[in-house]
Amino acid sequence: MSLYTAETRRLSKRRFTRFFVLIALIVLGLLAGGTAYTHEKTTARTRAAAEAAADRAYQEQLGYAEQARQDCRKDPTSYGGNCDGISPPTRDQISAEQFLTPPFDFRADFPALVIAWAALLALVAFIIGASFVGAEWNSGGMMNLLLWRPQRLRVLSTKLSALLTWLAGLGVLSGAAWTGLFWLIATLRGSTAGMTPGAWQSLGLTGLRGLGLVLMAGAIGFGAASIGRHTAAALGVAIGVIVIFQFGLAIVLELARVRFYEAYLLPAWIGAWMVKSYDVVDYRAPCVYSATNSCEPPVLTITWQMAGGLFAAVSIIIVGVAMWTIRKRDIT
Amino acid sequence: MTAVLEISGLRKTYRGRKGVRKALDGFDMVVEAGQVHGFLGPNGSGKTTTLRTLLGLIKPNDGRMAILGEEVPRRLPQVAGRVGAIVESPQFFGNFTAETTLSLLADAGGVNPRRVPAVLELVGLRDRAKDRVKTYSLGMKQRLAVASALLKEPKLLILDEPANGLDPGGIREMRTLMGDLAGSGMTVLLSSHILGEIQLICDSVTIISAGRRVAAGSVADVLAGHTSSAVRVRLEPGVDLLGAAEMLRAAGAVITIERDHFTVGNASNPAQITKLLAERQIYVSELTPVSADLEDVFLELTGTAPVDGASRQVDQVGTQGGWGQ
């Protein structure tokens with residue numbers, strides 16, 4: 001327990017940790033501020049103003065059309081010789097909605113913001129997790145700690161559990177604050193209508209999957225940095241995965257006309273995990289006939305269970321290798 | 001006396017592209033309780049490998065080790081609370097203060113946090129305790145490392161080059177500290193290259209070369225076992241020093257001529273020198289045995305004495321008597 005306390009303290013005291021949490025909070029704050037700024041509750045006054053703006057726009061369009069007709073009569077060739085085709089839009093084509101600042105609909109809009117929160121926090125968790133153990137290896141702090149507690153597996157697993165618990169705490173607190181903030185934004189600048197118990201449950205499950213993503217990213221960063229005994233090892237792996245497996249592989253698979261090539265790429269799996277399923281459509285394949293829809297391209301559906309299984313397996317393998325290497329290798 | 005630390009037949013090999021390298025080749029060491037024990041060896045001789053292996057950082061290929069009567073590495077977790085150690089250069093996370101560094105270690109090791117200010121005071125870092133470690137000089141980091149080793153009030157203190165980076169005052173303080181710790185009943189294993197310090201501080205020594213023990217025992221015993229048979233010969237002023245030396249050399253003496261005297265390296269019977277010189281009406285004004293110090297013994301045993309015009313390579317060990325002898 002004392003080791004766990006020490007590791008939790010160590011993680012919280014690290015400037016790197018504090019800096020990246022601050023950066024994440026600033027980004028989330030800017031996102032919330034931007035959302036609040038670009039949304040507005042629809043009132044009788046704003047609707048009347050939007051109607052007036054739509055009227056003005058319609059009158060302007062009538063004026064432009066009349067001017068074009070006159071120009072056409074003077075020089076029909078510049079209008080293709082046909083002046084009858086010049087007609088102004090009808091009034092119903094210019095609606096007041098086009099001039100309304102949209103309200104923030106909590107039920108419709110917030111799930112995407114939960115995904116943004118989870119993605120940002122997962123990135124931060126990966127970096128903090130990698131740095132937490134990578135800097136210890138690199139500075140020699142890990143060796144020092146092992147002189148005090150010569151139980152390698154216990155030390156590494158305690159560090160990992162301190163990290164994951166800390167990340168879970170950060171996730172829960174920031175998730176609650178995130179939800180509260182947007183509830184406030186929806187109340188002041190939109191609507192919270194339609195938030196039935198079912199809607200809250202769905203939102204909660206999305207949040208839990210987001211928290212799972214954060215923890216898995218933290219564990220993967222931690223494991224990769226421990227294997228490489230340097231923070232840069234994990235960051236290098238991350239960059240390598242993005243450059244080689246995302247951009248490079250995407251190009252190669254597409255050139256090779258591999259079926260459902262998107263299924264080999266990470267975003268499809270992250271998408272499936274966060275929004276419960278992701279359809280990978282193979283537009284190059286012969287279409288599939290059905291009674292209801294005449295011809296549709298074949299679809300491969302990745303479910304959140306499949307994505308969760310994949311992420312869990314990757315996390316377990318990387319952390320397992322990290323545990324195996326610390327147990328086997330000489331610490332020099 | 002009780003052995004606090006016992007190593008026998010310790011072997012460690014590394015496999016690399018150039019083949020197998022034996023870092024430890026059947027190394028033995030015994031440190032008795034309450035002693036300050038010097039651990040000497042040239043660079044690459046296996047000192048740090050021994051200490052790392054003893055402390056569970058490196059897995060040995062063979063051999064037996066025990067600390068405070070407990071077999072290690074199997075029982076190391078049980079004994080670690082009674083062993084304070086610094087291995088090689090002091091290594092700490094630079095952005096933490098000394099106080100935070102020690103406080104975290106105290107937490108991790110279940111040590112009373114009140115020990116932190118006490119050990120910082122002891123090593124002279126009280127006034128810099130709240131500064132970040134990365135602002136420390138090497139000597140200050142060394143002091144912090146010693147403080148971390150002392151934090152748990154160990155029975156056995158293992159210090160790898162503790163004087164490294166210290167100024168002369170710091171070296172003297174460290175020497176006094178070692179003496180005080182030993183006086184309080186703590187056993188200290190001290191690895192160092194500063195042989196004069198070792199000779200002053202240590203009760204006993206082990207010398208390692210090429211992964212093997214080449215000498216062990218009390219400092220006096222080790223020096224006595226390698227007493228030089230050389231004598232310094234000084235003649236009366238105005239006497240032909242070179243002529244006298246040549247005469248002795250012709251009789252089989254190994255002579256080294258200095259500015260105002262010469263040394264006979266193989267004077268097993270110094271009376272022979274006076275006899276030969278007196279026969280030529282040459283009289284000596286000084287005939288002094290040249291006593292060996294720990295440095296001479298170390299250089300002889302490890303074969304690492306420098307030779308003019310030659311560069312010794314790390315891991316290069318002389319043959320019997322060492323090159324340059």
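Me: Before the cavity stuff, how are nonpolar, charged and polar residues sorted here?

Reply: Ala, Val, Leu, Ile, Met, Phe, Trp, Tyr, Cys and Pro count as nonpolar, Asp, Glu, Lys and Arg as charged, and the others, Gly among them, as polar. Keep in mind that this is a predicted model.

Me: Ok, so how does the lining of the largest cavity divide up?

Reply: Six nonpolar, four polar and two charged residues. Its lining includes A:Arg10, A:Glu136, B:Phe92, B:Phe93 and B:Thr101, with helix H5 (141–148) of chain A and helix H3 (98–109) of chain B each giving two or more residues.

Me: What's the volume of that one, and how many cavities of 30 Å³ or more are there?

Reply: The largest cavity holds about 110 Å³, and the count is four cavities of 30 Å³ or more.

Me: Which residues are networked with A:Arg10 and A:Glu136?

Reply: A:Glu7 and A:Lys159 are linked with A:Arg10 and A:Glu136 in a network of salt bridges.

Me: How many salt bridges over all chains?

Reply: The search finds 27. In one of them, A:Glu51 meets A:Arg91 at 3.8 Å, N to O. A:Glu51 is in helix H3 (residues 44–74) of chain A and A:Arg91 in the loop between H3 and strand S1 (104–105), so the pair ties together parts 40 residues apart in sequence.

Me: What about chain B, say B:Arg75?

Reply: B:Arg75 pairs with B:Glu70, with the closest N and O atoms 2.9 Å apart. B:Arg75 is partly exposed at 29% relative accessible area, while B:Glu70 counts as buried at 19%.

Me: Why does 19% count as buried for B:Glu70?

Reply: Because buried means under 20% relative accessible area, and B:Glu70 has 19%.

Me: Switching to pockets. What lines the largest pocket?

Reply: There are 29 lining residues, and A:Ile220, A:Val241, A:Ile242, A:Leu266 and A:Ile270 lie nearest the centre. By class the lining has 28 nonpolar, one polar and no charged residues. The pocket contains about 1000 Å³ of space.

Me: Which helix gives the largest share of that lining?

Reply: H8 of chain A, with nine residues. Helices H4 (106–139), H7 (197–228), H9 and H10 (304–328) of chain A also supply at least two residues each.

Me: And which helix gives the most to the nonpolar surface patch?

Reply: H8 of chain A again, with eight residues. The patch has about 880 Å² of accessible area together, and A:Val237, A:Val241, A:Leu266 and A:Ile270 are among its residues. A:Val237 lies in H8 and is partly exposed, at 45% relative accessible area.

Terms used: Residues are numbered from 1 along each chain as its sequence is written. Chains are lettered from A and ligands numbered from 1 in the order in which they are written. This is a predicted model: local features need pLDDT of at least 70, side-chain atom pairs count only at pLDDT 80 or more; totals for chains, interfaces and linings use all residues. Side-chain values use heavy atoms; hydrogens and water are left out. Patches are made of residues with over 30% relative accessible area and no salt bridge: like charges are joined within 9 Å, nonpolar side chains (Val, Leu, Ile, Met, Phe, Trp, Tyr) within 5 Å. Accessible areas come from the Shrake-Rupley method with a 1.4 Å probe; for residues, only the protein chains shown count as cover. A salt bridge is a side-chain nitrogen of Lys or Arg within 4 Å of a carboxyl oxygen of Asp or Glu. Helices (H or I, at least four residues) and strands (E, at least two) are DSSP runs, numbered from the N terminus. Buried means under 20% relative accessible area, exposed over 50%, partly exposed in between (1.4 Å probe, protein chains only). On a 1 Å grid over the protein atoms alone, a cavity is a set of points where a 1.4 Å probe fits but cannot get out, and a pocket is an open set with protein on both sides within 12 Å along at least five of seven lines; lining residues have an atom within 4 Å of a point. Grid points are joined across faces, edges and corners, and a volume is the space filled by probe spheres set on the points.
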